[in-house]
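Reader: I am new to this one. Could you walk me through the structure and explain the terms as we go?

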Amino acid sequence: MKAHDGMYIDGAWRPAAGPDVIEVVNPADERVIATVPAGTVEDVDAAVRAARAALPGWAATPPAERAARLAALRDGLVARRDEIAETVTAELGSPLKLSQTVHAGVPIAVTGSYAELAATYAFEERTGNSTVFHEPVGVVGAITPWNYPLHQIVAKTAPALAAGCTVVVKPAEDTPLVARLFARAVHEAGIPAGVFNLVTGLGPVAGQALAEHPGVDLLSFTGSTAVGRRIGAIATGMVKKVALELGGKSANVILPGADLARAVNVGVANVMSNSGQTCSAWTRMLVHRDQYDEAVELAAAAAAKYGDRIGPLVNAGQRERVRGYIEKGVAEGARLVAGGPDSPHERGYHVSPTVFADVTPEMTIAQEEIFGPVLSVLRYADEEDALRIANGTVYGLAGAVWAGDEAEAVAFARRMETGQVDINGGRFNPLAPFGGYKQSGVGRELGAHGLTEYLQTKSLQF
Ligand code: NAD
């Protein structure tokens with residue numbers, strides 16, 4: 001057990017203002033592996049002051065130099081790849097291979113993409129008799145969740161730094177260790193003091209203090225819709241800019257001409273990955289009624305294959321929440337064809353890969369974000385019915401369409417109320433804008449669209 005006592009503020013590790021700590025638990029064996037300081041309003045204030053003081057210098061740093069620091073940061077993350085993966089596995093519980101490829105690999109790619117964008121983006125443009133400057137928004141407050149703990153920090157910090165903003169991050173309580181590792185990499189990359197600051201702490205204390213701080217110009221939040229709505233209201237009430245990445249209930253629409261086995265297998269893998277703790281997961285599989293029974297059989301077989309290969313959920317509370325949803329699915333009349341509410345292990349916060357058949361669109365498990373390894377398979381009568389079901393939730397973050405003909409899949413995808421759609425198994429693209437329609441959020445992350453979130457324009461007329 002390691003007791004960490006510092007927070008990264010103004011370029012140094014400083015003791016916290018208060019005595020409280022947060023215990024970090026390994027969800028695979030339920031043992032406490034470390035403690036970190038529970039930051040207070042005072043710590044947040046010190047971090048925001050440091051970020052404000054560093055802002056003029058960093059904003060005036062030429063983009064090529066900001067790009068060089070980001071490239072150095074990417075190299076530092078590459079050098080720490082194994083340490084990142086082992087840390088995420090220890091505090092989140094994800095299998096080491098997933099931690100290597102996704103939890104370490106994606107942040108490396110995203111940091112690299114912003115090193116390139118900082119060097120190449122047109123921060124100045126001409127229109128008519130005006131020159132338009134794209135200037136940094138200012139001090140960014142970033143509040144991040146635990147499910148992709150480094151990715152979510154990088155998806156906010158890298159574009160903010162590329163834009164010339166300075167940052168204060170408040171990471172999730174469950175996964176502060178990889179955030180600390182990131183701060184070390186920032187330091188080693190020669191990013192000046194105060195440009196990046198890290199305050200660990202509880203959401204309602206440190207997170208709220210950051211959302212309410214008058215020195216923060218933009219609040220970027222990823223997490224639950226309930227918290228996002230609350231702190232979004234606080235921040236917009238103070239006329240701060242707000243970016244929200246919230247929940248999802250994405251549809252995987254399998255049209256009749258698709259390769260059914262492939263669509264179902266990829267769909268199940270998408271839901272089970274990271275133990276279902278993915279906001280963009282395709283948790284509703286929509287299948288034509290003529291192919292429904294075959295699809296359910298394929299999905300149940302695919303889920304059963306996962307068995308022990310998925311990790312635990314992040315904590316006991318999440319496990320109870322997910323089990324509660326599984327029990328609710330049964331109570332509302334859905335049919336369990338794989339998994340169920342019982343835990344497959346004695347230790348660790350595990351839930352079995354679970355598949356429900358005979359799910360109807362109004363059921364709770366077809367409407368609410370479960371955030372666990374639970375797939376609902378729904379039946380549709382025709383394309384219009386499929387579209388109505390796909391668009392029939394408050395969310396709109398991601399989705400998939402499978403068809404025999406790509407043009408048919410694209411035509412369907414264009415009618416979906418959602419921010420991203422993978423066509424016939426299209427791959428994740430770290431440059432494509434990511435973000436939600438409807439209650440899945442406000443704003444976009446990643447690529448050039450993610451960069452513009454951290455910029456504001458100034459027009460000079462000649
Ligand atoms: P959460 O929204 O409570 O936590 C996310 C972040 O917000 C954490 O850093 C937390 O400390 C902070 N926070 C919490 N309360 C706060 C407050 N009052 N003011 C400021 N910051 C605050 O999410 P959770 O409890 O960890 O997870 C609950 C559910 O949220 C999950 O089951 C899932 O449905 C959803 N979720 C979605 C995502 C996503 O990527 N969209 C990520 C994590 C969780």
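Reader: What makes you speak of domain 1 and domain 2 in this chain?

Author: Happy to explain! The domain assignment gives domain 1 as 2-246 + 439-461 and domain 2 as 251-430; such bounds come from an automatic or database domain assignment. This is a predicted model, where local features need pLDDT of at least 70 and side-chain atom pairs count only at pLDDT 80 or more, while totals for chains, interfaces and linings use all residues. Residues are numbered from 1 along each chain as its sequence is written, and side-chain values use heavy atoms, with hydrogens and water left out.

Reader: How many residues does the contact take from domain 1 and from domain 2?

Author: The centres of the domains, taken over C-alpha atoms, are separated by 30 Å. Contact means heavy atoms within 4.5 Å, and by that rule 25 residues from domain 1 and 25 residues from domain 2 take part.

Reader: What area do domain 1 and domain 2 bury between them?

Author: About 2100 Å², with 54% of it on carbon and sulfur atoms. Buried area is the accessible area (1.4 Å probe) that two parts lose on being put together, summed over both. On the domain 1 side, Glu 30, Trp 146 and Ser 440 supply 25% of the area buried against domain 2, more than any other three residues.

Reader: How many salt bridges does the rule find across the interface of domain 1 and domain 2?

Author: The rule asks for a side-chain nitrogen of Lys or Arg within 4 Å of a carboxyl oxygen of Asp or Glu, and it finds 0 across this interface. The whole structure, though, has 19.

Reader: Why is the meeting of Asp 217 and Arg 52 called a salt bridge?

Author: Their side chains meet at 3.2 Å, N to O, and the limit is 4 Å, so the pair qualifies. Asp 217 lies in the loop between α7 (203-212) and β11 (218-222) and Arg 52 in helix α1 (residues 41-60), so the pair ties together parts that are 165 residues apart in sequence.

Reader: Which residues are closest to the ligand?

Author: They are Trp 146, Lys 170, Glu 173, Ser 224 and Leu 246, among 29 residues that surround the ligand, where near means a heavy atom within 4 Å. A polar side-chain atom of Ser 224 lies 2.6 Å from a ligand oxygen atom, and a polar backbone atom of Leu 246 is 2.7 Å from a ligand nitrogen atom.

Terms used: A polar contact is a pair of N or O atoms within 3.5 Å; within protein, one must be able to donate a hydrogen and the other to accept it, and residues adjacent in sequence count only if both atoms are side-chain atoms. Helices (H or I, at least four residues) and strands (E, at least two) are DSSP runs, numbered from the N terminus.
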